[in-house]
Amino acid sequence: MAYLDHAATTPMLDEALEAYVAAAREVGNASSLHAAGRRARRRVEESRERVAAALGARPSEVIFTGGGTESDNLAVKGIFWARRAASPARRRVVSSAVEHHAVLDTVDWLAEREGAEVGWLPVDAAGRLDPEALRAELADHGDAVAVVTAMWANNEVGTLQPVAALAAVAAEHGVPFHTDAIQAVGQVPVDFAASGVSALTVTGHKLGGPAGVGALLLARDVAATPLLHGGGQERDVRSGTLDTAGIVAFAVAVEAAVKGQQEYAARVAALRDDLVRRVRHAVPEVVFNGDPDDRLPGNAHFSFPGCEGDALLLLLDAQGIACSTGSACSAGVAQPSHVLIAMGADDDRARSSLRFSLGHTSGQADVDALVAALPAAVERARRAAALRAPR
Amino acid sequence: MRVLAAMSGGVDSAVAAARAVEAGHDVTGVHLALARNPQTYRTGARGCCTLEDSRDARRAADVLGIPFYVWDMADRFHADVVDDFVAEYAAGRTPNPCLRCNEKIKFAAVLDRAVALGFDAVVTGHHARLGPDGLLRRSVDAAKDQSYVLAVLTRAQLDRSVFPLGDSTKAQVREEAARRGLAVADKPDSHDICFIADGDTRGFLAGRLGEAPGQVVDALTGAVVGSHTGAYAYTVGQRRGLHLDRPAPDGRPRYVLSITPKTNTVTVGPAEALEVSTVRADRPVWTGGERPDGPIECEVQLRAHGDVVPATVELTGDTLRAELRRPVRGVAAGQAVVAYRPDPAGDVVLGSATIAG
């Protein structure tokens, strides 16, 4: 099988899996007062320090969560609520049109249910945000803004955002800035303190750790109202018995991914560039989406004119090639990607797109398999799409 | 063969897919998303798509170990089935949306896409037999037989269709589903129109066509005997829900005899006035052998699960004419007349056409 969907999830690293199993064999609730509890607590705190060190944060800034979606919800809702509670005029959320649904739908929910106003920042044809647009937004509405949230790297088209520049603009206005860095950690250098952001989302299963565990890095001076109430285990911002084994494995994976990032990125980007070159050769009319240079090393995203992405996916899947239409499903039905629409694509181009994402287990054989299968699949998908033409 | 199994989330299509796998085919499961808003559709409805049905279909595909995808056919379904359904009622006819869905969606839009993508055929859980001779026959389970709603299929469509359930009764299908560990084994049967969630066809039509008050007229006397809020809501042969202001002079019950959209009139009359001996129908399809060039003796069925009557059928150009051996009540324009040839191995579908009126 050629697995070209590492951006959806990537295999666990051996060392993370071994750490998980070893920790899961041990009993102990990190909140318990006895020796077993203390041992669990120690593993959690060691993991917190490892994550903090790897990502340029202080240990006290690491809040373990149940993964990326929870971290995004906690950051956006939590900071919004806390800021509005402190100052009722601050009920504006600023976000980008290309966020992952974990942020997008959270912002929409705040607008619908909590009376939030939303300022949407546009992107250019490569999916890139302009810090000047944020500057203009904050010049107009700065006093009313509760939180700004913009992703570090786009999960669909792979474009990297000028996060440090955006965070600097937010800082000028004293507005907390959250970034969803789920796709970025381990792929590009990510340093919490150096980036100037106030909150950062990271999750385990995109970087070789387990699914269902992640963290929100939250600066000490930024308040967030909890989503989950209970034991207050994580800085009173997040409750729930700590998943000691998951956290241990997550920390091992974060550390390994960050440590190996440069070497990984060089290898995978070379493989990706080969993939792009050969796909263009095999299907000359493809459109390559996203920023050509400033992008995730493992991401290749194309539109195949005259094809439907879901048909191509089916045909490639039948050849043992796993990829993604990159778009969210509603009732199992692929919707045209909001990311491509925001980049100026029409519905047809958005529906004709596929994402191929490489990762730590990818090799030349994966690219070869794709390039071998693609022309016939495109030919068939085109015939199928032609049937949809208006009669 | 590489086959595409249409999986509604019900027990029939799950077992049909299972049998296709067992027969050695390379099977891919597809659930058709037909609703623009799945919440408004009825769960368990035939071939339709609440989220629960979609999950049930996916789970069945998992159990069978076959690839599974959801195909978005909502726009096509809306245009070709739902809008057609409303337009037919508005024109005073009584459509059969399941038949239309087979004709335009499952064995047209879906089949064409499947063929373009390299599949050889579409597998469905319809209760009908389709053997190596290419003839469409009734299911062994007379109560579940769906040959009527498949009789619109052309030769080309039948040649790319597989119906693995025709030799089994529904009870056998359920037993087999349970034996195979399919959770849908005891999922209730669907009966109603999938896109009318509450089963209220009249309310559904009123919402789309608006209220159109008009008169109910007695066919014998010409007298106005009542009023209605939309002639489209009536079906030929209907007795209940007429709400007549006064009893008929002869004191006998009244039935809907005809609907006249032009004057927005519903005409009622006694039962015997419903009797029809000659049926004219359009757009004939003939798949049970050579198209006959003269009158033939056969049996006809005039609505889903309706009685079967002996008849002489003749095709002339784009018209089918059936002379019924005994009169039939409640023949509604828009329904199909399906001609069958009695056969011990399952009555054979000869052809079909849409009843004119």
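Here are some worked exercises on a predicted two-chain model.

**Exercise 1. Work out how helices H2(A) and H8(A) pack, and which residues make the contact.**

Two numbers are the place to start: two packed helices are described by the angle between their axes and the distance between the axes.

- Step 1: H2(A) covers residues 35-55 and H8(A) covers residues 244-259; their axes are 9 Å apart, at an angle of about 25°.
- Step 2: That angle makes H2(A) roughly parallel to H8(A), since angles under 35 degrees get that label.
- Step 3: As for handedness, H2(A) and H8(A) cross in the left-handed sense.
- Step 4: On the H2(A) side, pick out A:Ala40, A:Arg43, A:Val44, A:Ser47, A:Arg50, A:Val51, A:Ala54 and A:Leu55. Facing them from H8(A) are A:Thr244, A:Ile247, A:Val248, A:Phe250, A:Ala251, A:Val254, A:Glu255 and A:Val258.
- Step 5: Sort the contact of H2(A) with H8(A) by class and you get 11 nonpolar, 2 polar and 3 charged residues.

**Exercise 2. Do the same for H3(B) and H8(B), and give the class make-up of their contact.**

- Step 1: H3(B) is residues 74-90 and H8(B) is residues 201-209; the axes come within 11 Å and cross at roughly 90°.
- Step 2: H3(B) and H8(B) are therefore roughly perpendicular to each other.
- Step 3: Look for B:Val86, B:Tyr89 and B:Ala90 in H3(B), which meet B:Leu205, B:Arg208 and B:Leu209 of H8(B).
- Step 4: The tally for the contact of H3(B) with H8(B) is 5 nonpolar, no polar and 1 charged.

**Exercise 3. Lay out the 7-strand sheet of chain A and find its edge strands.**

- Step 1: Read across the open sheet and the order is S2-S8-S7-S6-S5-S3-S4 in chain A, with mixed pairing.
- Step 2: S2 (62-65) and S4 (117-121) of chain A are the edge strands, each pairing on one side only.
- Step 3: From one strand to the next, the twist averages 20°.
- Step 4: Zoom in on one pair: S6(A) (residues 177-180) and S7(A) (residues 199-203) run in the parallel sense and share 3 bridges. In S7(A), A:Ala199 is the bridge partner of A:His178.
- Step 5: Now add a helix: H5(A), residues 131-141, lies across S3 (92-96), S4 and S5 (145-149) of chain A, at about 155° to S4(A).

**Exercise 4. Which strands of the chain B sheet with order S9-S8-S11-S10 stand at the edges, and why does each have a side without a neighbour?**

- Step 1: This one is an open sheet of 4 strands, again listed as mixed in its pairing.
- Step 2: S9 (224-228) and S10 (255-260) of chain B each have a single partner strand, so one side of each has no neighbour in the sheet.
- Step 3: The twist here averages 30° from one strand to the next.
- Step 4: For a local check, S8(B), residues 214-218, runs antiparallel to S9(B), with 4 bridges joining them. B:Val216 has B:Gly226 as its bridge partner in S9(B).

**Exercise 5. Sort the residues of strand S14(A) by the way they point, and say how many are buried.**

- Step 1: In a regular strand the side chains alternate between the two faces of the sheet.
- Step 2: In S14(A), A:Ser353, A:Arg355 and A:Ser357 point one way, while A:Leu354 and A:Phe356 point the other.
- Step 3: 5 of the 5 residues in S14(A) (353-357) are buried, so the strand is mostly covered.
- Step 4: S14(A) pairs antiparallel with S10(A) (residues 299-303) over 5 bridges, and A:Asn299 has A:Ser357 as its bridge partner.

**Exercise 6. Find the element that gives the largest share of the side of chain A that touches chain B, and describe its burial.**

- Step 1: The contact takes 13 residues from chain A and 14 from chain B.
- Step 2: H10 (309-318) and H13 (364-386) of chain A each give two or more residues to that side of chain A. The largest share, 6 residues, comes from H10(A).
- Step 3: By class, the side of chain A that touches chain B has 8 nonpolar, 1 polar and 4 charged residues.
- Step 4: H10(A) is mostly covered, with 8 of its 10 residues buried; among them are A:Leu312 and A:Leu316.
- Step 5: After H10(A) comes A:Gly320, with a positive phi near 80°.

Technical notes: Residues are numbered from 1 along each chain as its sequence is written. Chains are lettered from A and ligands numbered from 1 in the order in which they are written. This is a predicted model: local features need pLDDT of at least 70, side-chain atom pairs count only at pLDDT 80 or more; totals for chains, interfaces and linings use all residues. Axes are lines fitted to C-alpha atoms, for helices over the stretch in contact, and angles run from 0 to 180 degrees between N-to-C directions. Angles under 35 degrees count as roughly parallel, over 145 as roughly antiparallel, 65 to 115 as roughly perpendicular and the rest as oblique. A crossing is left-handed if the near helix is turned anticlockwise from the far one by less than a right angle, and right-handed if clockwise. Two residues are in contact if their C-beta atoms, placed from the backbone, lie within 7 Å. Ala, Val, Leu, Ile, Met, Phe, Trp, Tyr, Cys and Pro count as nonpolar, Asp, Glu, Lys and Arg as charged, and the others, Gly among them, as polar. Two strands pair if DSSP finds at least two bridges between them. A residue is buried if 20 or more other C-beta atoms lie within 10 Å of its own, exposed if 12 or fewer, and partly exposed in between; C-beta atoms are placed from the backbone.
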